[in-house]
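Okay, thanks for having me, everyone. I'll put the structure up and then just talk through it.

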Amino acid sequence: MTNKDLADLLFPSITKTIKDYEEMYPERNLKEGEKVTRFAPSPTGYMHLGGFYQAIIDYVLAKNSNGVFFLRNEDTDTKREVKEATKLIMDTLTHYNIIPDEYEFEGNIVGSYGPYVQSERKEIYHAFIKYLIEIGRAYPCFCTKEELDEMREVQERSKVRTGYYGSYAKYRNVPVEELISKVKEGIPYVIRFKSMGDFNKKFVFEDLVKGKIELPENDEDFVIMKSGDGLPTYHFAHLVDDYLMHTTHVVRGEEWLSSVPKHIELFRTFGFKPPKYVHTPLIIKKEGTSVRKISKRKDPEASMTYYKEKGYPVKAVIEALMTIINSNYEEWHTANSDKEFTDFVYSPKKMSSSGAFFDLEKLDNIAKTVISKMTKDEVYDNLYNWTKDYDKEFNELITKYEDYTKNVLNIEREQKKPRKDYSCYSEIKNQIFYMYDELYNPSSYDWGSITDKDEINKILNLYMDKYYDISDKEVWFNNIKELCDNLGYASNMKDYKENPDNYKGSVADVSTVLRVAITSKSMTPDLYEIMKLLGKDRIISRIEKLK
RNA sequence: GGCCAGUUGGUGAAGUGGCUUAACACACUGCCCUUUCACGGCAGCAUUCAUGGAUUCGAAUUCCAUACUGGUCACCA
C-alpha cells in the first residue's frame with residue numbers, strides 16, 4: 001500500500017488537482033507594482049480596532065498601487081463563530097467607506113477568486129492536502145488531547161522544547177498500512193504536515209515593517225486539518241487562499257511573526273512564492289505601569305462600535321488611525337487637505353516597530369477640526385443620520401426645525417477659523433439644547449461674578465426696556481456698552497483692567513448675565529447670533545421665567 | 001523556560017555617524033487677543049534618547065552585554 005492509497009481513502013471524492021485550481025484562478029492581470037491585499041477577519045462577533053487598523057493598511061496599500069483589496073471570511077473556527085459577525089464587519093467597512101473590490105456577502109459573490117468564505121472552500125483545501133499526503137508530506141495523527149497534554153508535560157519536565165516534532169511526532173514514521181487500518185477503524189484523526197526543517201538552522205526572513213529577521217526553521221509537524229469538520233487550520237488556509245487569490249501583501253498583527261517559519265516551509269514545500277509580509281505593531285493600552293494589548297473586555301474603545309455610537313466623524317477615526325500607521329500622515333494631511341487618505345503613500349518601513357497607543361484625546365482633537373471644517377449642511381446631515389439611530393427625540397426636533405438647526409450649527413462656522421465645539425455628534429445636543437424650547441428647562445444657571453438676584457434683574461430689565469436691539473451686531477454691542485455706562489460697569493475692558501476699583505464690574509460681567517439669563521450657560525458661542533436666532537419673544541419669556 | 005521583537009518628554013513620534021542646544025503634532029502651563037467659552041497668536045515644557053561598556057575626532061544613530069516590556073510556543077485566528 002502506498003501514500004496514494006492513503007490519500008484516496010482519506011479524500012475519496014476529491015478529484016480536482018492543484019493544477020485544476022491554478023487554472024480556475026489564474027494570475028491576476030496586474031501591472032508592475034500593483035498590490036493585492038486582503039482583510040481576513042474571523043467572524044467572532046466583534047470588530048476590533050486592531051483589525052480595522054489593519055484593514056485600513058490593506059486598503060491604502062491596494063489603492064496606492066491601483067491594485068486589489070478583497071475581504072475574506074476566515075470562519076474555520078466553528079466553535080467561536082457568531083452569526084451576525086459578518087454583517088457587523090461589512091457594516092463597519094461600509095460605514096468607513098472601505099469597500100472591498102472582492103467579497104462575499106449574504107450569498108452574493110463579487111470577484112472571480114471566490115468563494116471568499118473559508119468554510120465554502122473545503123474541497124479546495126482537501127485537494128491540496130491530498131497532494132501533500134500523496135507525496136508523503138502529510139499524514140493522519142490519531143493522538144488524543146490527553147496524549148498531547150501528557151507529551152507536553154514530559155517535555156516541560158525534561159526541559160526540552162514543547163511541541164509535536166522529531167521523535168515526539170508519534171505518527172510521523174508509522175507505516176502507511178497501519179495508518180490506513182486505523183482510519184478504517186474509524187479512529188478520529190487530524191492531518192499533520194510532515195516538516196523537513198531543522199530548528200537549529202536559521203533563515204533570514206524579510207518583513208516589510210521590521211526588516212530582516214533571523215528565524216529558526218520550523219520542525220513541528222503542525223496540524224493542517226482539524227478532526228471533525230475537516231476544516232483547515234489558519235496556517236494551511238493562509239497558504240492555499242493567499243496562493244490562489246494571488247495576494248501580494250499580507251498585512252497582519254505581529255503576533256503572527258512567530259509562525260512565519262511554518263508558513264514559509266509550507267510555501268516552499270509546494271514551490272509557491274510566499275507573499276510579502278507586513279507585520280503590524282499591536283495597538284496597546286497603558287494600565288498603571290504596564291502595557292497590554294487593547295482588549296475587548298476591558299476597553300470599550302477597542303470595539304469599532306464605540307466610535308459609531310459616540311458619533312465620531314468617519315474621517316476623524318481614519319485620520320487618527322492613519323497617524324498611528326505612519327506618523328508623517330498628519331503633516332502630509334495638513335499640506336494636502338483636499339486629498340483623500342488613499343492618496344497618501346503608506347510606507348511599512350516608516351511604521352513604528354513597537355506597540356502603538358491609540359490616544360482618545362488626540363482623536364477628539366482631530367474630530368473637532370474635522371467637524372469645524374464641514375459646512376452647516378454636512379454637519380446637519382451627519383447629525384441627522386446619527387440621531388436617527390441613537391437619539392430619536394432629537395432627530396425629530398432637528399427634522400421639525402431643519403433650517404433653524406442648520407443656522408444654529410452655522411454659528412461661527414463660516415469664518416477663516418471656525419469654532420471647534422464638537423468632537424462627535426453625540427455631544428452636539430448638550431451644547432445647543434438651549435436653542436430649543438422643547439429641551440430648554442434649566443434646573444440651574446451658571447452665574448458668573450454677578451450673582452445678586454436684584455442686580456441681575458436690574459440689568460435685565462434695563463436692557464430689555466431701553467437697550468434691546470439686535471438689528472446689527474455693532475448696534476447690539478454698543479447698546480450693551482451703554483447699558484454698562486448707565487449702571488456703573490466699565491464698557492471698555494482696558495479701562496477696567498487699569499482701574500478695576502472705579503467700576504462695579506465690566507462689560508464682560510454684564511454680558512455674562514445676559515448670556516446666562518438667555519441660555520443658562522456661561523459658555524456659548526457668539527451671543528449675538530444666538531439672540532438673533534432665538535428672537536425677541538423667546539428671549540423675553542426666558543427672562544420672565546427668571547423672575 | 002525556548003524562540004522572536006521592542007525600549008527617544010505625559011502621548012503619537014521625527015531622526016539611519018557631524019546641519020540636533022532632539023523636528024512636528026496632541027496634552028499641559030503662562031501671557032496676549034477677547035462680551036464668556038472656544039478659536040487664534042506668542043512663549044514654556046527631554047542638557048537627553050532603558051543601563052553599562054566598546055568603536056570613532058565625533059553616537060539617539062554602529063557593535064557587545066545587562067535590564068525591562070511585549071509577542072509566541074493549540075485540532076484559535
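I'll go from the domains to the cores, then one helix, the RNA side, and a few odd backbone angles.

One thing up front: this is a predicted model, so keep that in mind throughout.

Domains, then. Chain A is split into domain 1, which is 3-13 plus 122-280, domain 2 at 376-435, and domain 3 at 453-546. Between the C-alpha centres of domain 1 and domain 3 you have 78 Å.

Now the inside of the protein. The largest nonpolar core contains 72 residues, and the ones with the most contacts within it are I56, I57, L321 and I325. Which helix gives the most to this core? That's α3, residues 49-64, with 10 residues. And where does the core sit relative to the domains? It lies between domain 1 and domain 2, because both of them give residues to it.

If you click on I325 and ignore everything within four places in sequence, you'll find contacts with Y53, I56, I57, Y346 and M351. There's also a second, separate core, this one of 25 residues, and among its members are A7, F128, A138 and L266.

Next, a helix I like: α4, residues 85-95. Its buried residues include T86, I89, T92 and L93. These span an arc of only 130 degrees around the axis, so they end up on the same side of α4. Flip to the face turned away from that buried side and you get the exposed residues K87 and T94. As for what covers the buried residues of α4, the list includes α3, β3 (103-105) and α10 (304-310). So α3 turns up here as part of that cover, as well as being the top contributor to the largest nonpolar core. Just after α4, N97 has a positive phi of about 60 degrees.

Over to the RNA. There are 67 residues around RNA strand B, and the ones that come nearest are E74, S352, S354, F357 and K417. What's the make-up of that surface by class? It's 22 nonpolar, 21 polar and 24 charged residues.

Last bit: two more positive phi values. K159 isn't a glycine, yet its phi is positive, at about 55 degrees. You'll find K159 in the loop between α6 (145-157) and α7 (176-185). S520 also has a positive phi without being a glycine, near 75 degrees, and it's in the loop between α21 (507-519) and α22 (527-534).

So which of these is buried and which is exposed? K159 has 6 other C-beta atoms within 10 Å, so it's exposed. S520 has 20 C-beta neighbours inside 10 Å, and 20 or more is the cut-off, so it counts as buried.

Staying on S520 for a second: setting aside its neighbours within four places in sequence, it's in contact with Y434, P442, Y445 and D446. For a sense of scale, K350 is 170 residues away from S520 along the chain, and their C-alpha atoms are separated by 50 Å.

That's my tour, so over to you for questions.

Terms used. Residues are numbered from 1 along each chain as its sequence is written. Chains are lettered from A and ligands numbered from 1 in the order in which they are written. This is a predicted model: local features need pLDDT of at least 70, side-chain atom pairs count only at pLDDT 80 or more; totals for chains, interfaces and linings use all residues. Helices (H or I, at least four residues) and strands (E, at least two) are DSSP runs, numbered from the N terminus. A residue is buried if 20 or more other C-beta atoms lie within 10 Å of its own, exposed if 12 or fewer, and partly exposed in between; C-beta atoms are placed from the backbone. Domain bounds come from an automatic or database domain assignment. A residue is near a molecule or strand if its C-beta atom, placed from the backbone, lies within 6 Å of it. Ala, Val, Leu, Ile, Met, Phe, Trp, Tyr, Cys and Pro count as nonpolar, Asp, Glu, Lys and Arg as charged, and the others, Gly among them, as polar. A nonpolar core is a set of buried Ala, Val, Leu, Ile, Met, Phe, Trp, Tyr and Cys residues joined through C-beta atoms within 7 Å. Two residues are in contact if their C-beta atoms, placed from the backbone, lie within 7 Å. The arc is that of the directions from the helix axis to the C-beta atoms.
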